[in-house]
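Dear colleague,

Please find the structure we spoke about below. My notes on it come after.

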Amino acid sequence: MSRVAHPAGPRYADVLPADHPPAPPADLNALNPAIWPRNTARDTISGAMTIGGLDVRELAGGFGTPAFVTDERDVRERCREYVEAFGGGTRVCYAAKAFCSRAVLRWVTEEGLGVDVCTDGELTVALSAGVAPESITMHGNNKLLSEIERAAAAGVGHIVVDSFEEIARLAHVAGQSGTRPKVLLRVTTGVEAHTHEFMATAHDDQKFGFSLASGAADEAVRRVLTMPSLDFKGLHSHIGSQIFDAAGFEVAAHRVIELASRIHAEHGVAISELDLGGGFGIAYTEDDDPPDVRSLAKSLRAIVSAQCEAAGLPEPELTIEPGRGIIGPSTVTLYEVGTIKDVDGLRTYVSVDGGMSDNVRTALYDASYTCVLASRTSEAPPMLSRVVGRHCESGDIVVRHCYLPADLAPGDLLAVAATGAYCWSLASNYNHLPRPGVVAVRDGAARAIVRRETLDDLLALDVG
Ligand SMILES: Cc1ncc(COP(=O)(O)O)c(C=O)c1O
């Protein structure tokens, strides 16, 4: 596949991948439980997909398409699995950037999770959802002064500091307001992890955190410790996303614990908290094989214990921050099929009524997704397809390679799996498309948790 960009953006379909065409699945109607939300099935009579006991045709009729449909029980069960797997002594915080709505933040907090936010917007949603301020962690590489003031005034549980300016600002704000926020210091470990691969470098060419390699992290700790209005608790590291393997965490933890040892030697302070961030992978397609949460938890705990023991340090309280791992698999996007275009000898382009405005991950990260015909089953032969949106952009691709039945027709419903994380939250109004709503389903009942936008919403912003 050509990855060469031209001035108008990447060109697609000009070079076929070496493995083209991929093999069709054995059964086009099958719903692999590792990929689809847990309460997804096919109606035994109509063959239509049901989620949380509801027929997708009714959901589409009632809420319109495109629509994000979220299986509440799936989200809650995943929260419980993280909490149980990591056990006492580990805080599990949901990373709200993956998808931030009041309903979801209520579900996750009811299941015992804390919440990570990284802007005033996310903080506002969390506070208005009734999330206890002390269970909120505030992130961000460029927190505005107003955000720092708001977080301190709200009594946010932890603030993860990310720059020297911020240490000074936060200390000043805390001093003025008579608060003493708990502070974690974000450290750049030089480890970058993705799926099974990770890269460990000695340099840190990125905007987040204090570099370990340059000594900035040591200096940042010195400065935090001189500020009486800051309560230094420990260190934070986030190494990547969609990680299947604990090896990257091992290298990162090793480097962070080395810093903890230096802090102990220089200041006589043992860190009491260590936040290893998020990034735990999920299955988007048949090719993905994420580890189960229990084995991941076991590995991470063992890594931290071993590193602390080797360094002669007491074990800090551990925090993890899954976003995708909680919300990603719970949600599908329902689209209605529009035009179907056979590009001879290559594939069939299936256009749907959304696109890169509701799922930019394919264009942005070359992400892979699984989709099926959802409104019925079909015994027609497989047709190599590409699901595309309706935006004025040839890179407007939702599912790059998939097989759909050859009798697919306009008006059919398609479902794309595992769209709970970083789809709605990265959604845009490109080409003035109103953003889809999010519908929560549970035990045969559906309710909108994020209302679908209308053209009037968009016009209301246009005050010129
Ligand atoms: C600091 C931090 N924590 C947690 C996360 C959540 O990552 P994921 O959704 O991959 O679990 C991110 C994602 O970018 C992050 O930057």
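The notes cover the ligand site, the nonpolar core, two buried aspartates and some backbone details.

This is a predicted model, in which local features need pLDDT of at least 70 and side-chain atom pairs count only at pLDDT 80 or more, while totals for chains, interfaces and linings use all residues. Residues are numbered from 1 along each chain as its sequence is written, and side-chain values use heavy atoms, with hydrogens and water left out.

Ligand site

There are 15 residues around the ligand, and G279, E321, G323, R324 and Y422 come nearest (a residue is near if one of its heavy atoms lies within 4 Å of the molecule). By type, the shell holds four nonpolar, seven polar and four charged residues. In that division Ala, Val, Leu, Ile, Met, Phe, Trp, Tyr, Cys and Pro are nonpolar, Asp, Glu, Lys and Arg are charged, and the others, Gly among them, are polar.

Three side chains have polar atoms to report here (a polar contact is a pair of N or O atoms within 3.5 Å; within protein, one must be able to donate a hydrogen and the other to accept it, and residues adjacent in sequence count only if both atoms are side-chain atoms). For E321, a polar side-chain atom is 2.6 Å from a nitrogen atom of the ligand. For Y422, the partner is an oxygen atom of the ligand, also at 2.6 Å. K97 places a polar side-chain atom 3.1 Å from a ligand oxygen atom. On its own the ligand has 400 Å² of accessible area, and the protein covers 90% of this (Shrake-Rupley method, 1.4 Å probe; for residues, only the protein chains shown count as cover).

Y422 sits in the loop between β24 (413–416) and β25 (437–442). Helices (H or I, at least four residues) and strands (E, at least two) are DSSP runs, numbered from the N terminus. Y422 is not a glycine, yet its phi is positive, about 60°. Its relative accessibility is 19%, so Y422 counts as buried (under 20% relative accessible area; exposed is over 50%, partly exposed in between; 1.4 Å probe, protein chains only).

Nonpolar core

The largest nonpolar core has 126 residues, of which Y94, L185 and L235 touch the most other members. Such a core is a set of buried Ala, Val, Leu, Ile, Met, Phe, Trp, Tyr and Cys residues joined through side-chain atoms within 4.5 Å. Helix α8 (residues 247–267) gives the most to this core, eight residues. Beyond four places in sequence, the residues that Y94 touches include V104, L105 and V108, as well as G323 and I326 (contact means heavy atoms within 4.5 Å). In helix α3 (residues 102–110), V104, L105 and V108 are among the buried residues, along with A103 and W107. G112, with a positive phi near 95°, follows α3.

Buried aspartates

D74 is in helix α2 (residues 72–86) and is buried, at 0% relative accessible area. Past its neighbours within four places, D74 contacts P37, R38, N39, P329 and S330. From D74 to I326 the C-alpha distance is 8.6 Å, across 252 residues of sequence.

D218, in helix α7 (residues 216–226), counts as buried at 11% relative accessibility. With the same neighbours left aside, D218 is in contact with L259 and R262.

Backbone

T65 and P66 are joined by a cis peptide bond, omega about -10°. P66 belongs to the loop between α1 (56–63) and β6 (67–71). T195, in strand β12 (residues 191–195), is a non-glycine residue with a positive phi near 50°.

Regards
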